[in-house]
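Subject: A structure to look at

Dear colleague,

I am passing on a structure that I have been reading through, and my notes follow below it. Please open it first and keep it beside you while you read.

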Amino acid sequence: MPVEVSVKGIHEGLLITFGEGSWEEAFPSLLNHLDSKPDFFLGANAIVQLGSFPLQVVDLARLRSALADRGMGLRTVLSESPATVNAAKNLGLETSLPPREVPETPLSTELTGSEAVLLAQTLRSGNSINFPGHVTVLGDVNPGAEIVATGSVIVWGHLRGTVHAGAQGDENAVVCALDLSPMQLRIAGFAATSPPRGRSSGPEIASLRDGQLVAETWNPKEKPPAHAGG
Amino acid sequence: MTAKVLTVTSGKGGVGKTTATANIGVALALLGQKVVCIDSDIGLRNLDVVMGLENRIVYDLVDVVEGRARLRQSMIKDKRLPELYLIPAAQTRDKTAISPSDMVRICDELREETDWVLIDSPAGIERGFRNAIAASDTAIIVTNPEVSAVRDADRIIGLLEAEEKGPGKLIINRIKPELVERGDMLATADILEILAVDLLGLVPEDESVLISTNRGNPAALDSKSKAGQAYRDIAGRLMGEPIPFPSLDGTDNLRKRLARLMHRGGGS
């Protein structure tokens, strides 16, 4: 009586499993199955799940030759029978699949970022914020207001006050504003005043390049200096 | 009748707080309102001089606080307007003589008796300022169209907001339209962009103010004074009338307006 044969592609090759039946029935069924689609199995590595079949060296050798005749390599057999496992080892066959290096968790696109504070107000003359991290202001920073941050400073409004980014020496800190017109701007140990300007030039980013404070028009295509947010 | 308590403040000295307090008081009284003006600049009193009432001082604010006089005894009735009163400051003491809670007590007593209490604040951000705003319902911030005045006004507004007395309303005083037009003086729009508070009044530079101060006759009494008219407009706005603001950048003149349009079209 033919035994059901199932062939499944896995990482290591083709896994062959059998339905109910004895080995005497299963073996011919396997050969029939393989012969029905000869080209499909050509060059494949076979892993045969022998379940509880009690096989001896000679049986396994015949299995290996039969598979080899059909262009398949037998490297691994899986078995619950200790006798079969022994026989397989004697024949130089593997009796288990190598541990898969599949990561426990799927690849994550979640980022963590770094500490920042958000001020959703305009800073008036006399207001000051001192923060060990980045500072974002949703509003203006009026002349006479002051921001001191160890990280970067972003002002979504007019920056007309005094700002010190990278206050503990981080030369990668940047200062961005929709209107960059600070009374005094510092990044790490470098300071500069704003040159007199006419019309506003749009959003700008100030950073340290080779020991010089430079302000450039914000260009979304250009990345900020590496670790500006680090 | 519960009075509205307005504190006139600025931060910077010399911008026109006392002038504004006197003139708004007069203008409101001209509209039939009951007004009590309080000079809280202890040690440097001026409101009495500007209102022309310095000869009539018997008791002052410190006398009331220290129990030597009742509130009514210190209130000097204006010589021209029957419902306008002044409580003068003391000249021989300083700002530590009264405390914020003293001001609250005095204004609470006045609330049932009058329509308006106008408190003239001293310059600065210390005790005198704190005294002046303690009882305030609305702050009136006076500034000049000039960078350092605006800087100080911004500071004051920040402090008002921190004390939950803000944001207040703005009077821009001593505007010179020719200078604004030339770009030599801050325009109203520039000032409002930084201070971001509601505008209450625009007062032009006017030599009638100096003359009226020296005579003790506030300019709001003078129908020919441009500054006086501005203060009368401010009183009207406080009463809820929708009085439009003058355009003090000189575009009233049609010829000048056309010239500007042509210049804008041609140049960059």
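Before anything else, please keep in mind that this is a predicted model. I begin in chain B, where B:Ala196, placed just after helix 9, takes a positive phi of about 55 degrees.

Stepping back into helix 9 of chain B, which runs over residues 188–195, you will find that its buried residues are B:Ile191, B:Ile194 and B:Leu195. When the helix is viewed down its axis, these buried residues fall within an arc of 90 degrees, so they line one face of helix 9 of chain B. The elements of chain B that cover them include strand 6 (138–143), helix 7 (147–162) and strand 7 (169–175).

Helix 7 of chain B also appears where the two chains touch: 7 residues of chain B are in contact with 8 residues of chain A, and helix 7 gives the largest share of the chain B side, with 5 residues. By character, that side of chain B divides into 3 nonpolar, 1 polar and 3 charged residues.

Turning to chain A, you will see 3 helices and 15 strands. Its radius of gyration is 36 Å, well over the 17 Å that the globule rule gives for 230 residues, so chain A is more spread out than a compact globule. The C-alpha trace of chain A spans about 95 × 35 × 35 Å along its principal axes, and 30% of the 230 residues of chain A count as buried.

With best wishes

Conventions
Residues are numbered from 1 along each chain as its sequence is written. Chains are lettered from A and ligands numbered from 1 in the order in which they are written. This is a predicted model: local features need pLDDT of at least 70, side-chain atom pairs count only at pLDDT 80 or more; totals for chains, interfaces and linings use all residues. A residue is buried if 20 or more other C-beta atoms lie within 10 Å of its own, exposed if 12 or fewer, and partly exposed in between; C-beta atoms are placed from the backbone. Helices (H or I, at least four residues) and strands (E, at least two) are DSSP runs, numbered from the N terminus. The arc is that of the directions from the helix axis to the C-beta atoms. Ala, Val, Leu, Ile, Met, Phe, Trp, Tyr, Cys and Pro count as nonpolar, Asp, Glu, Lys and Arg as charged, and the others, Gly among them, as polar. The radius of gyration is taken over C-alpha atoms; the globule rule is 2.2 Å times the number of residues to the power 0.38.
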